[in-house]
Amino acid sequence: MNAPDPPRADDGEVKPRDWAGALPSAKADPVAAARLRDPQTPPPQLYEKRKAVHNKRIDGAFRRFKWFVMFVTLTIYYVTPWIRWDRGPYAPDQAVLVDLANRRFYMFDIEIWPHEFYFVAGMLIMAGIGLFLVTSAVGRAWCGYSCPQTVWTDLFQHVDRFIDGDRNARIRLDKAPWGPAKIARRLSKWSVYLIISLLTGGVWILYFADAPTLFRDFIALEASPVAYATVGILTFTTFWLGGFMREQVCIYMCPWPRIQAAMLDEKSLIVTYKDWRGEPRGSLKKAQKNPDKYGDCVDCLQCVAVCPTGIDIREGQQIGCITCALCIDACDKVMKDIGRPRGLIDYATLEQCEAEAAGQPATPAWKALLRPRTFIYFGIWGAIGAAMLFALGTRSHTDLTVSPDRNPPYMLMKDGAVRNAYTLRLRNMEARPRDMEIGLTGLPEGALMWTDRIGSEAAAERQVVTVPANETRIVRAYVTVPQGARAASFAFSLTSLDGQGERDVAETTFSSPGSE
């Protein structure tokens, strides 16, 4: 790459570069340098102390939707481990269970085995693409409504209102000196925090074992130490993150606000303050005296008062905005009270805002969803889901794997026959025992097989074994080929002898003298 030409004067003479102007940090500042060397000068502050956020209660369409989402999500979390699901006498009856001991994952009629982990990977991919879809369509709606941090923080903020009162009462209580009344309120509130946190941590472990049994053992102090440690950790994190850190998790700890900035464009729906309509701001009295001088924003700060992260949406998009839209409810209420049209703060795209600022009629927000990017994300998400459903519907519940012995690779029998040994893993993925037939294909006539349970006197080309429900049975199989017969590769077959008649085939090799 060629270096840029140096600046030249009108007569062609090279001018010296002004590095101080190009790089302000390179400009000498003797006063600042002396101040930094002064031991009495305190170091610059790199951390701003948290300012408590006391959001105000508001009622409106988005607030009611948040109530609905919170109720649904908390109900799913706390109730799901207790739902029973009949899978027969040989499988657990818990609807959703992560059975680590037996390496199974149950979700109603779906049972995932360790070798089917690609289903779990598919669900994670669908969750990620679904998050991309929601973000590209309606911004950080996941953060504003369904994120666990948001749901539990919202729950704890309702506890604050119930015990300490609404916003102004909580601010006064914060500023009040510590006394019996304040201590009593704080202890009451923190006790409720602790109960919610303990229930949250306690329910989590119920997803990994039979819920009623583990609950009884936990109460009787007979559960595993791992269970108590897990509950303790989750209780502490819920108590601290939901009760005290709150918006700091969204602003400082969570990576998603940084990632979502790359996924938004001028066509994405976001919560927007329409400054061309609201500015310049002025009180209602000033606006009534000079209606042409002021915009619709009366600077009431209600949008700031209701925000769970304490931001001012009028300053534009910022990392603290979780798109919960409570500021829309607050602003619409004020606009209704003063007789002005709603929508000063609203869901809108940047394109829609520019068009509306230019005098064009407002476009319905839902039309922003009808664009190629949204359909592409939805198509990918739907295709992965359809592929997983197809794989679940067509998968076999019978599986066979074969491992030939390597040392020794073969044995010569006294009658001249050659014997190979194999380890077979017969997998029965049904919730009932099944008889299964092991067969040989591809070997010369006279090839026989017996197992560690069926002696050589009963050797045959096919053998029947019983595999317990939801288990993998390991079988040692011995295969012989008559003297003089040549065999290189063949296959074991496994066929269920029930009405399903499922079949699986595993290819392997047969070793004999001269085949090495």
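Reader: Why is phenylalanine 68 called exposed?
Author: Phenylalanine 68 has 52% relative accessibility. Exposed means over 50% relative accessible area, buried means under 20%, and partly exposed lies in between (1.4 Å probe, protein chains only). At 52%, phenylalanine 68 therefore counts as exposed.

Reader: What kind of model is this, and how are residues numbered?
Author: The model is predicted: local features need pLDDT of at least 70, side-chain atom pairs count only at pLDDT 80 or more, and totals for chains, interfaces and linings use all residues. Residues are numbered from 1 along each chain as its sequence is written, and side-chain values use heavy atoms, leaving out hydrogens and water.

Reader: Where is phenylalanine 68?
Author: Phenylalanine 68 sits in helix H3, residues 61-79. Helices are DSSP runs of H or I with at least four residues, strands are runs of E with at least two, and both are numbered from the N terminus.

Reader: What makes Phe65, Phe68, Phe71, Val72 and Ile76 a patch?
Author: Patch residues have over 30% relative accessible area and no salt bridge; like charges are joined within 9 Å, nonpolar side chains (Val, Leu, Ile, Met, Phe, Trp, Tyr) within 5 Å. Those five residues form a nonpolar surface patch of about 510 Å². The areas come from the Shrake-Rupley method with a 1.4 Å probe, and for residues only the protein chains shown count as cover.

Reader: How many disulfides does the structure have?
Author: Zero, from a search of the whole structure. A disulfide needs two cysteine sulfur atoms within 2.5 Å.

Reader: Why is cysteine 143 not bonded to cysteine 254?
Author: The sulfur of cysteine 254 is the closest cysteine sulfur to that of cysteine 143, but they are 5.9 Å apart, so a bond is ruled out. Cysteine 143 is buried, at 6% relative accessibility.

Reader: Why is cysteine 300 not bonded to cysteine 303?
Author: Their sulfurs are 6.4 Å apart, which is too far for a bond. Cysteine 300 is partly exposed, with a relative accessible area of 35%.

Reader: How many salt bridges are there, and what makes a pair count as one?
Author: The whole structure holds 32 salt bridges. A side-chain nitrogen of Lys or Arg must lie within 4 Å of a carboxyl oxygen of Asp or Glu. Aspartate 59 and arginine 64 qualify, because their N to O distance is 3.3 Å. Aspartate 59 is partly exposed at 47%, and arginine 64 is partly exposed at 47%.

Reader: What makes arginine 186 and aspartate 164 a salt bridge?
Author: Their N to O distance is 3.4 Å, so the pair meets the cut-off. The pair links distant parts of the chain: arginine 186 is in helix H8, aspartate 164 is in helix H6 (residues 148-164), and they are 22 residues apart. Arginine 186 is buried at 8%. Aspartate 164 is buried at 6%.

Reader: What about arginine 342 and aspartate 346?
Author: Their closest N and O atoms are 3.2 Å apart, so they form a salt bridge. Arginine 342 is partly exposed at 46%, whereas aspartate 346 is buried at 15%. Elsewhere, salt bridges that share partners join Asp160, Asp164, Asp174, Arg186, Lys189 and Arg246 into one network.

Reader: Is arginine 246 buried or exposed?
Author: Arginine 246 is buried, at 6% relative accessibility. Arginine 246 lies in the loop between H10 and helix H11 (247-253). Its phi is positive, about 45°, although it is not a glycine.

Reader: How do you know what aspartate 332 touches?
Author: Contact means heavy atoms within 4.5 Å. Leaving aside neighbours within four places in sequence, aspartate 332 contacts Arg342, Gly343 and Ile345. Aspartate 332 is in helix H16 (residues 326-337) and is buried, with a relative accessible area of 17%.

Reader: What is the expected span of helix H18?
Author: The expected span is 1.5 Å times one less than the number of residues. Helix H18 (residues 372-394) has 23 residues, with 33 Å expected, and reaches 32 Å from its first C-alpha to its last. Its buried residues are Thr374, Tyr377, Gly385, Met388 and Leu392. Their cover includes strand E3 (110-112) and helix H4 (117-138).
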